[in-house]
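Biologist: I would like to go through this protein with you and ask how each label is earned. Could you take me through the reasoning step by step?

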Amino acid sequence: FYSIFFPFVSTFTLKGAGGWSPLVSNKYQWLQIDLGERTEITAVATQGGYGSSDWVTSYLLMFSDSGRNWKQYHQEEIIWAFSGNTNADNVVHNKLQHSIKARFLRFVPLDWNTNGRIGMRIEVYGCTYRSEVVDFDGKSCLLYRFSQKPMTALKDVISLKFKTMQSDGVLLHRGGQNGDHITLELVKGKLSLFINLGNARLNSDAKIHSANITLGSLLDDQHWHSVLIEHFNNQVNFTVDKHSHHFHAKGELNYLDLDYELSFGGIPLPGKSRSLPRKNFHGCFENLYYNGVNIIDLAKRRKPQIYIMGNMSFSCSEAQMVPVTFLSSGSYLALPATSAQDEVSISFQFRTWNKEGLLLSTKLHQTSGGVLLYLSDGKVKMSIYKPGKSQSDITAGIGLNNGQWHSVSLSAKRSRMNLMVDNDVTSSAHAAVPTHIYSGDTYYFGGCPNNGNSSECKSPCAGFQGCMRLITIGSKAVDLISVQQNSLSNFSNLQIDLCGIIDRCLPNYCEHGGECTQTWNSFYCNCENTGYMGATCHSSIYEQSCEAYKHTGNTSGFYYIDSDGSGPLGPFLVYCNMTDMTWTVIQHNNTDLTRVKNANRENPHAVFFKYTATLEQLQATINYAEHCEQELAYHCKKSRLLNKQDGIPLSWWIGRTNETQTYWGGSLPDVQKCACGLEGSCIDSQHYCNCDADRNEWTNDTGFLSYKEHLPVTEIVVSDTDRPHSEAAYKLGPLLCRGDRTFWNSASFNTEASYLHFPTFHGELSADVSFFFKTTASSGMFLENLGIRDFIRIELHSPSEVTFSFDVGNGPFEVTMQSPTPLNDNQWHYVKAERNIKEALLQVDQLPQKTLTAPSDGHIRLQLNSQLFVEISAYFGAGTSVVYNFQEYYTLAKNSSSHASSFYADMTLIREVISFTFRTTRTPSLLLYVSSFYKEYLSVILAKNGSLQIRYKLDSHQDPDVFSINFQSMADGLLHHVKINREEEMLYLEVMQLREKFVLSSGTEFNAIKSLVLGKILESNDIDQDTMKANSQGFIGCLSSVQFNHFAPLKAALHHTSSAPVTVKGRFTASNCGTSKSSFLLVCHFPFFSVADHSGPIDEGEPLANAIQSDSAIIGGNRDYKGFTGAFLKLTLNLSMLK
């Protein structure tokens, strides 16, 4: 690793020995460095000119392998402007987010000291970059033959880098029998991975047998691009540069019949692939690896596994084409010509995204007429005009604004004009001209000078924005490097020796399947038929629930709902029954009564239910609902549900968790009973279901399933209808849900110091916030989230004015909405704010939205990185015990004498996710304990020395597994956040910022869990000595945000004491003790539970000193802004991020 200091460069005039300072300070200056060889550059540093007033305040960085065809350094998906100096002496270091691998560097000043000139001294940090390269000439290829031993091909990894100027060509190919093949091919500057199972086995559904994935864009730019293909079983990961696509190949890869060779650069033999002939690759590969084997190294050493066809070299040749970029509609390039020639002949190549733009304008000799060449609706149009003569027009080509390179050649001689596009005779046009043509003395490419001399250059449209290269006038190629050095003609607002085109649709920022189109400066989203609207198709056009439709005045009927609003789940059709209570009705494909005969355990009857929504959509709807249920009726005649002898069910159903359920309608989870078994009303008291009486007469077990985590029913299995006179019938009703937990939630802010904390607002690319409020205050802050640099804020600026302000790195922006009537009238008012990478929107009540357009080239990601916690906290006194009984819902029938464990044997866990926060000064302490009917347990304790211990005993005959975290004493009175995640034998532990991984030896199953204890264990249990010592002290301190899988015992104990299976003994009080003194005062969790609107103060008073972090998310107010006083209703935050 080394640094290089360059005090001067010989190309420019020096200002003493104090650095580089050009004679003229303008945007066309640069400092170019030749590192002598390809180098991996990781950082740069700059100073101003020694002892001067000359320094650069911001600059661009460009790089190249050859000193030609430069590329601009990008970061955060934009051309990155580096911060420079504020004086001549201090050194400013800039570490590159991703390294550059190049031989040449250019520092391009953007701004400099207004009281001085451009002045720079630089250092470059990096190390020599070594690589293996091979150059393909477009006619050659390289074959790698591996051992012909049986290959399972369960895992293949191919990695390489490539660069080329050709838009098409095969990079790699592996063929096989019957047309089977895998091909990686460059097609129109994009990389396609094609997997084909072969024509011989294709049936009517060909899509099942092939996959064609396309990634990347503009890859024919003669710069290095990386490729990674990983195939493991049927999972394929395909990555090009930063963009990845992961897909499951649906089984076809197991059937690929492939040869034991890979070809690179082309398909070597005709007929190997049944596709149409493909072009060979013309360009360079670097660091080509197949399953860890360095293919280029084998080729250089002429190893027998390698066969080279055609000519190739092991160095990368550099094409010397010089592109030029027309940055704006005011850009132009004026080139001299020999006047009075009787022929005009010009050719060049261009690429652009714009449908319109002037390509060429020239005045004819000694007349006011001229020749125009321009893009019109993506076609090239040539016009010759002359005073007193009719204008002659010809058109060629179509769709030429697709970002690809296109060639144009035009000629006008005597009385004929000709135009050809892409050297294609079918894309050519000819026309007669009513007069002789003689060339003028200047050709204007891309636009006209803004000097008012319209006779020299005319333009029927805006200037061209895009790239050009290979410009030829007559038979002479134009030397654009001479143009750059001002020795040939003149230009304005150009970038010479680079093509600055970018694909603004990669990645596609149009959400929810919106179609992306683009111009040079921007992109646009077509949201038609997506169910969404807005500049990026972010906002749903549908309500989130039937409850929301009802409150907008609708009546019963079919409606599309979008359960997660602007989230990733799409809308789906439901029936909203609003006659009394509002019910959401979601149908499935089999609501009829279905009769079953001749089913047994070896050949059971199974039926699958398909709903009008996906499981993810159903889950969102169920989660947001207050209550869901589904009626399941099972009619039987000599058809049992449970087998009393061995306890193995004869019939069961499966829900969305894909777990077998053996309780039936009207019953509760995990008890293997029907409703009559719970009520003690079965027709045979020896059984827990009517059907288990096994009588030769029809009876039924019918009722509603209402345990939300198991709904909806996705499959029913029946296996006891093959005996004489045995028959069953079942009927499953639609999924019914009522209530909307996001709709009616509210909080009162009673003083300006009241506020709520929420998790960080992670809406990097697009996000929206909506809420209702009412207040009598004249001003106050609704919402704020701050980062190191970025922020987002919504506030009531005055009685009739709401402002939405934010900064994503381009400077602060503000959208203001003025209401014609006061908003502090103590009535409910609606606010919605949305920010995406194209615009910011603000709406108040039903007033028209206010919109602010974002800059087309600038920072786009809103980065708010704080770690915040949404908490429910409680203080535990000495001897306090909180017991959450997992099994209390499922009390045994009174007439049962069976041991409890026999009824709960199937409540077995192979994974747990546990999280909590604690604060204490006592050791030893018992933090959490989970018991089992089988004497298995989990305990989390603080040992005598303050270390955290997790003790798992998953085998009653073994000692517990003990895992310790001992980086500091955690009995220090500070908040500590703990997360425990077990997946079978793997245990992952996260404490504050420390992450550890452990392996259990005592087992993988936690059988028949019974209860969770916080505080002190009161009942007798068989536990180890260290847990017993910790339990003798119990726990004295604060516990907060306790979560065990989907159970929240603290929340249940504090908010649902009458209905929850919780027993509390000792001193146990709700508290804000889980609040960090540097974090927040008041805790609330929207939208999962409510804080009453009119129930009095929540937690008011003066804020703690330094209570608000600089990167925190706050609702209500903070120390710097006057807080909001009033009430919030239905606060919704919808966030979207693109990977």
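Biologist: Happy to start with the overall fold: how many helices and strands does the secondary structure of the protein come to?

Modeller: This is a predicted model, and its secondary structure comes to eight helices and 81 strands. Of the 1139 residues in the protein, 54% are buried. The protein exposes about 49,700 Å², with carbon and sulfur atoms supplying 49% of that area.

Biologist: What share of the contacts with a separation of 6 or more comes from residues 24 or more positions apart?

Modeller: Such residues account for 70% of those contacts.

Biologist: Now the cysteines. How many disulfides does the structure hold?

Modeller: There are 11 disulfides, and we can look at a few of them.

Biologist: What makes Cys448 and Cys457 a disulfide?

Modeller: The S to S distance between Cys448 and Cys457 is 1.9 Å. A disulfide requires cysteine sulfur atoms within 2.5 Å, so this pair qualifies.

Biologist: Why is the disulfide of Cys448 and Cys457 called left-handed?

Modeller: The torsion about its S-S bond is about -70 degrees, so the disulfide is left-handed.

Biologist: And which labels, buried or partly exposed, do Cys448 and Cys457 get?

Modeller: Buried means under 20% relative accessible area. Cys457 has 6%, so Cys457 is buried. Cys448 has 22%, so Cys448 misses that cut-off and counts as partly exposed.

Biologist: How do you know that Cys461 is not bonded to Cys448?

Modeller: Cys448 holds the closest cysteine sulfur to that of Cys461, but the distance is 9.4 Å, too far for a bond. With a 2.5 Å limit, the pair therefore fails the test. At 22% relative accessibility, Cys461 counts as partly exposed. Cys127 also counts as partly exposed, at 26%.

Biologist: What makes the disulfide of Cys628 and Cys737 right-handed?

Modeller: The sulfur atoms of Cys628 and Cys737 are 2.0 Å apart. The torsion about their S-S bond is about 110 degrees, so the disulfide is right-handed. Cys628 lies in strand β49 and Cys737 in strand β55, so the pair ties together parts that are 109 residues apart in sequence.

Biologist: Why are Cys628 and Cys737 called buried?

Modeller: Cys628 has 0% relative accessibility and Cys737 has a relative accessible area of 3%. The cut-off is under 20%, so Cys628 and Cys737 are buried.

Biologist: Which residues of helix α4 are buried, and what do they pack against?

Modeller: In α4, residues 615-624, the buried ones are Gln617, Leu618, Ala620, Thr621 and Ile622. The buried residues of α4 pack against several strands, including β49 (627-637) and β55 (735-738). Those are the strands that hold Cys628 and Cys737.

Biologist: What makes the Cys674 and Cys689 disulfide right-handed, and where do its two ends sit?

Modeller: The torsion about the S-S bond of Cys674 and Cys689 is about 90 degrees, so the disulfide is right-handed. Cys674 is in the loop between β51 and α5, while Cys689 is in the loop between α5 and β52, 15 residues apart. Cys674 is buried at 0%, and Cys689 counts as buried at 1%.

Biologist: Last one: where does UniProt place the EGF-like domain, and how much of that span is strand?

Modeller: The unreviewed UniProt entry places "domain: EGF-like" at residues 501-538. That span is 26% strand and 0% helix, with its end C-alpha atoms 27 Å apart.

Terms used: Residues numbered from 1 in each chain as written. Predicted model: local features only at pLDDT ≥ 70, side-chain atom pairs only at ≥ 80, totals over all residues. Heavy atoms only, no water. Helix = DSSP H or I, 4+ residues; strand = E, 2+ residues; numbered from the N terminus. Buried < 20%, exposed > 50% of the residue type's maximum accessible area, 1.4 Å probe, protein only. Contact = heavy atoms within 4.5 Å. Areas by Shrake-Rupley, 256 points an atom, 1.4 Å probe, with all protein chains shown as cover. UniProt positions renumbered as here; feature names shortened; annotations may be inferred.
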